[in-house]
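Thanks for making room for this in the meeting. I would like to walk through one structure slowly, and please keep it open in front of you while I talk.

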Amino acid sequence: MKIHQLDIEGFKSLKKVTWNPSDLNVIIGPNGSGKSNLLRILELISVAAKGRLGRYVQRLGGMESLVWDGQLENIIFRVQTTPDDFSSSHHFVYTTKLVRTGLSNFFTIGEESLSLNLFSEADRDKFMSAAQHMTQLVRANRTARIYDEQFNRWNISQEPIDAEETILSQVTGPFANNQRILTFQNYLDEWAIYHDLRADQEAPIRQAPVSRYEKHIAPDGQNLINVLHTLYTSDRDFKRAVNSAMRAAFGDDFNELVFPPAADQRIQLRVSWKTLKREQSATDLSDGTLRFLFLIAVLANPSPSPLIAIDEPETGLHPSMLPIIAEYAVDAAQRTQVIFTTHSDQFLDAFTDTKPTTTVTKWIDGETILKTIDGEELEYWLQEYSLGKLFRSGELENME
């Protein structure tokens with residue numbers, strides 16, 4: 001399942017935008033143009049499916065900090081997806097409206113709906129009655145209707161409904177009577193959005209963690225050692241991918257990753273080099289090496305999250321590492337939807353045979369404007385220039 005279209009209104013600098021991502025996406029633009037806000041709204045949508053929306057909004061400063069210019073009354077998002085197991089004319093459509101309480105920092109969910117549409121936009125008017133039968137849930141304030149797989153309606157209102165949490169996040173509870181809803185809820189819940197990787201000397205990522213079986217890296221990246229240990233020691237293809245990436249980055253002197261035990265059921269991460277007797281511990285690795293391992297672990301995961309979004313993957317990396325990250329990103333995009341934001345023309349140049357869908361963000365009159373670059377004009381320019389050169393020249397931003 002992948003995002004086909006994302007509509008956003010009133011969130012930070014995204015006053016009113018529509019975005020159509022592909023399998024592999026790069027978002028570029030100057031500082032302050034709103035690139036990271038696209039990742040923030042994806043994070044908000046995922047958090048809303050987990051039942052943690054109220055805490056998330058308050059952690060980011062409340063509604064005044066989240067609505068456009070502190071002025072608007074609502075934040076609205078609409079996600080259209082194309083499930084892999086349906087034809088292209090079948091898609092989920094999920095809409096949620098956060099209503100600000102007066103001019104305060106508080107909000108309630110005013111509207112929410114999830115439907116499985118069977119027909120194209122052109123056919124929808126003709127078959128509206130049939131499409132209506134595919135409504136999965138609909139909500140108005142604190143009254144909601146949920147449909148089971150046989151389209152029987154269940155009404156819920158007032159007490160069972162948390163005003164700051166989505167109905168979608170509650171389907172795992174007493175209202176779990178529709179596998180379609182559960183599938184969609186799990187899809188949003190499992191999105192992986194990565195902003196900053198803390199890699200300083202005191203960061204947990206450098207410490208020996210209590211050994212746990214973990215297959216996906218957490219949003220803060222601090223469980224990297226456990227994920228590497230789980231996958232590196234149990235999946236030959238993953239181990240081969242990590243070893244290949246490390247040798248491409250550091251040369252044939254790299255031998256392997258090892259995970260010796262530490263005290264109190266803890267494990268360590270160490271890097272074995274062919275020319276050194278002593279293995280290098282995680283506390284001794286450079287920030288760039290840890291960031292590189294983190295990116296490879298995310299992108300080479302044999303069962304990746306259904307959406308991976310990474311803010312500025314070039315941070316802390318030597319430019320020679322960027323083509324390796326690009327190669328693994330292209331491969332990952334065959335299994336999941338991949339989104340990067342970047343300031344780096346060198347990262348854009350790292351994509352050679354497979355060009356990502358490139359979205360340019362601009363700041364105009366206090367709001368972010370999105371422009372996706374593709375089509376004949378881009379192909380014409382790419383005959384002579386790389387994406388990075390077009391970015392440096394400013395031509396990407398000027399394309400229509």
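Let me start with a question: of the 16 residues of α1, how many are buried? Before I answer, a word of caution, which is that what you see is a predicted model. The answer is that 13 of the 16 residues in α1 are buried, so this helix counts as mostly covered.

The geometry of that helix can be checked with simple arithmetic. Helix α1 runs over residues 35-50, and at 1.5 Å a residue its 16 residues should span 22 Å, while the C-alpha atoms at its two ends lie 24 Å apart, which agrees with that expectation. Just after α1 comes G51, whose phi is positive, near 85°.

The helix also matters for the next item on my list, the pockets. The largest pocket has a volume of about 720 Å³. Of the 27 residues lining the largest pocket, the closest to its centre are K50, R52, W191, A218 and P219. Three elements each give two or more residues to this lining, namely α1, α2 (53-59) and β10 (192-194), and it is α1 that gives the most, with 5 residues. If we sort the lining of the largest pocket by class, we find 12 charged, 10 nonpolar and 5 polar residues.

Let me now move to another helix, α10, which covers residues 322-332 and holds Y328. Is Y328 buried or exposed? Its relative accessible area is 11%, and because the cut-off for buried is under 20%, Y328 counts as buried.

What, then, surrounds that side chain? Setting aside neighbours within four places in sequence, Y328 is in contact with A241, S244, A245, I296, L299 and A300. A polar atom of the Y328 side chain lies 2.6 Å from the backbone oxygen of A241, and the backbone nitrogen of A245 is 3.3 Å from a polar atom of the side chain of Y328. As for the separation along the chain, Y328 and A241 are 87 residues apart in sequence, yet their C-alpha atoms are 8.9 Å apart in space.

Finally, let me step back to the whole protein. Its secondary structure comes to 14 helices and 19 strands, and buried residues make up 52% of its 400 residues. If we take the contacts with a separation of 6 or more, 61% of them are between residues 24 or more positions apart.

That is where I will stop, and I am happy to take questions.

Note on methods
Residues are numbered from 1 along each chain as its sequence is written. This is a predicted model: local features need pLDDT of at least 70, side-chain atom pairs count only at pLDDT 80 or more; totals for chains, interfaces and linings use all residues. Side-chain values use heavy atoms; hydrogens and water are left out. Helices (H or I, at least four residues) and strands (E, at least two) are DSSP runs, numbered from the N terminus. The expected span of a helix is 1.5 Å times one less than its number of residues. Buried means under 20% relative accessible area, exposed over 50%, partly exposed in between (1.4 Å probe, protein chains only). Contact means heavy atoms within 4.5 Å. A polar contact is a pair of N or O atoms within 3.5 Å; within protein, one must be able to donate a hydrogen and the other to accept it, and residues adjacent in sequence count only if both atoms are side-chain atoms. On a 1 Å grid over the protein atoms alone, a cavity is a set of points where a 1.4 Å probe fits but cannot get out, and a pocket is an open set with protein on both sides within 12 Å along at least five of seven lines; lining residues have an atom within 4 Å of a point. Grid points are joined across faces, edges and corners, and a volume is the space filled by probe spheres set on the points. Ala, Val, Leu, Ile, Met, Phe, Trp, Tyr, Cys and Pro count as nonpolar, Asp, Glu, Lys and Arg as charged, and the others, Gly among them, as polar.
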